[in-house]
Structures are given as structure tokens and as C-alpha cells.
Amino acid sequence: EFPLVHQTFNLVPSLLTQIQDYAQGTAHDPFLYVASVPAEDLTADQRRFALQYLFQANHDHLIGRYPRYAELWDRFQSTGAAPERAEKYFPPQDFTDLQVLSQLAWFDEFFLLEPEVAALVTKGRGFSKEDQQFVISRQRDLIGKVLPAHLDAAKAGRIEISTSPFYHPILPLVCDTNAGAASTAGLP
């Protein structure tokens with residue numbers, strides 16, 4: 001979109017591995033897992049986990065833009081935001097809607113314009129298991145495009161890619177050996 005802007009991206013190897021794990025569907029992420037299990041198959045613990053964590057989004061900008069998501073959030077709040085109390089007020093369809101909307105809320109604006117994704121946004125509620133699996137699958141597809149997009153941009157000369165050691169956040173120290181003193185006063 002901006003061909004004259006050139007940037008350098010530092011791709012940390014541990015992040016690259018995580019991106020690959022998500023793209024391949026091998027990441028062990030309890031949030032994504034709970035969002036992907038059919039609602040009627042959720043255990044009591046998983047339902048409580050969903051209620052506790054699938055509302056972790058900015059109310060005004062993410063939850064509030066989806067009326068059904070806001071409705072579910074309001075119901076959860078009316079129980080004192082206590083999953084063990086709220087669970088009985090959420091039948092399976094509510095969980096499916098929560099699962100789908102909690103994922104759609106984090107889609108980038110660009111991808112919300114895709115016809116299949118936009119159709120789900122328009123649908124707004126009453127999501128099916130197929131809708132739920134589509135959202136999870138689409139997330140995986142999009143994550144799978146992150147690294148190839150960086151590679152293509154680097155090959156075209158639009159970006160430069162740098163890296164730092166696999167697990168060690170040493171890059172700030174390479175740039176400025178006094179950087180550690182910013183967080184720990186008196187550090188030699």
C-alpha cells in the first residue's frame with residue numbers, strides 16, 4: 001500500500017516458531033482451544049474459562065462494536081463477572097456466539113472486509129459449529145501468510161529483516177550497552 005516506505009523488521013526466532021506453530025495448528029493455546037471446541041462439548045471448567053477469558057477485549061472498541069458480544073458481556077457483568085455464577089445463564093448457543101465473536105473481535109479491519117468474514121459479522125448471532133470452525137481455520141490461514149509476506153517484501157527490497165538470538169532479548173544491549181540501567185538504576 002505504501003511502496004516508498006522502507007522499514008526494518010526484527011523477527012525474533014522464538015516468535016517465528018510460535019507463528020509457525022499457530023499456522024500448523026500445533027500451538028498449545030488454552031484460549032484458542034476453548035474458542036474452538038463445540039459449545040456442547042465444553043466441560044464445566046472450559047465453560048468457566050471461556051466466560052473468564054473470552055471477554056478480554058476493550059469494551060468500547062472490540063466488544064461494543066458487536067451487539068451480540070456486548071449483550072453477552074452485559075449478562076456476564078450482571079452476575080458480578082463471576083464465571084461460576086454466570087455459567088447457568090449461558091446456554092450452548094450463547095457459548096458458540098461468544099466463541100465466534102471473541103475471535104472475530106481481534107480480526108484486523110482489512111480481513112473483516114473479506115466476503116466470508118463480513119458475512120459472519122453481518123450475521124452477528126446464532127453462529128453454527130461450521131461458522132466457529134471457519135473462524136478458527138481462517139485465523140490459521142492468515143497467520144500462515146505472515147512469514148511469506150515478510151519474505152516477499154524483503155525479496156522485493158521493501159523491507160529489511162534482522163533477527164536477534166533465539167531466546168535472548170539482547171538487541172537493546174547491542175544498540176546501547178547502557179540500556180539495562182533504564183530499568184535497573186545503578187546497574188554496572
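**Figure 1. Overall fold of the chain, comprising 13 helices and two strands.** The coordinates belong to a predicted model. Along the principal axes, the C-alpha atoms occupy a box of roughly 55 × 45 × 30 Å. The radius of gyration of the chain is 20 Å, whereas a compact globule of 188 residues would have a value near 16 Å. Of the 188 residues, 32% are buried. Where contacts link residues at least 6 apart in sequence, 66% of them join residues at least 24 apart.

**Figure 2. Close-up of the largest pocket, which holds about 710 Å³ of space.** The lining consists of 25 residues, and those closest to the pocket centre are Y22, D29, L32, Q103 and Q139. Helices α2 (30-36), α7 (92-104) and α10 (129-143) each contribute at least two residues to this lining. The greatest contribution is that of α10, with five residues. Sorted by class, the lining of the largest pocket comprises 14 nonpolar, eight polar and three charged residues.

**Figure 3. Close-up of the second largest pocket, with about 620 Å³ of space.** Around this pocket stand 17 lining residues, of which E1, A149, H150, A153 and R158 are the closest to the centre. At least two lining residues come from each of strand β1 (7-10), helix α8 (109-112) and helix α11 (146-155). Helix α11 has the largest share of the lining, at four residues. The classes represented in the lining of the second largest pocket are nonpolar, with eleven residues, polar, with three, and charged, with three.

**Figure 4. Helix α5 (residues 67-78) and its packing partners.** The twelve residues of α5 extend 16 Å from the first C-alpha to the last, close to the 16 Å expected at 1.5 Å a residue. Buried positions in α5 are R68, Y69, A70, L72 and F76. An α-helix has 3.6 residues a turn, so residues three or four places apart point the same way. The buried residues of α5 pack against four helices, namely α3 (44-53), α4 (59-63), α6 (83-86) and α7.

**Figure 5. The segment that follows helix α5, with G80 and A81.** Residue G80 comes after α5 and has a positive phi, near 85°. Residue A81 lies in the loop between α5 and α6. Its phi is also positive, near 55°, although A81 is a residue other than glycine. Most residues other than glycine have a negative phi. With a relative accessible area of 29%, A81 is classed as partly exposed because this value falls between the limits of 20% and 50%.

**Figure 6. Surroundings of I63 in helix α4.** The relative accessible area of I63 is 0%, and I63 is therefore buried, the cut-off being under 20%. Setting aside residues up to four places away in sequence, I63 touches F55, A57, N58, Y69, A70 and W73. Two of these partners, Y69 and A70, are among the buried residues of α5. The C-alpha atom of I63 is separated by 8.0 Å from that of S102, a residue 39 places away along the chain.

Conventions: Residues are numbered from 1 along each chain as its sequence is written. This is a predicted model: local features need pLDDT of at least 70, side-chain atom pairs count only at pLDDT 80 or more; totals for chains, interfaces and linings use all residues. Side-chain values use heavy atoms; hydrogens and water are left out. On a 1 Å grid over the protein atoms alone, a cavity is a set of points where a 1.4 Å probe fits but cannot get out, and a pocket is an open set with protein on both sides within 12 Å along at least five of seven lines; lining residues have an atom within 4 Å of a point. Grid points are joined across faces, edges and corners, and a volume is the space filled by probe spheres set on the points. Ala, Val, Leu, Ile, Met, Phe, Trp, Tyr, Cys and Pro count as nonpolar, Asp, Glu, Lys and Arg as charged, and the others, Gly among them, as polar. The expected span of a helix is 1.5 Å times one less than its number of residues. Buried means under 20% relative accessible area, exposed over 50%, partly exposed in between (1.4 Å probe, protein chains only). Contact means heavy atoms within 4.5 Å. The radius of gyration is taken over C-alpha atoms; the globule rule is 2.2 Å times the number of residues to the power 0.38.
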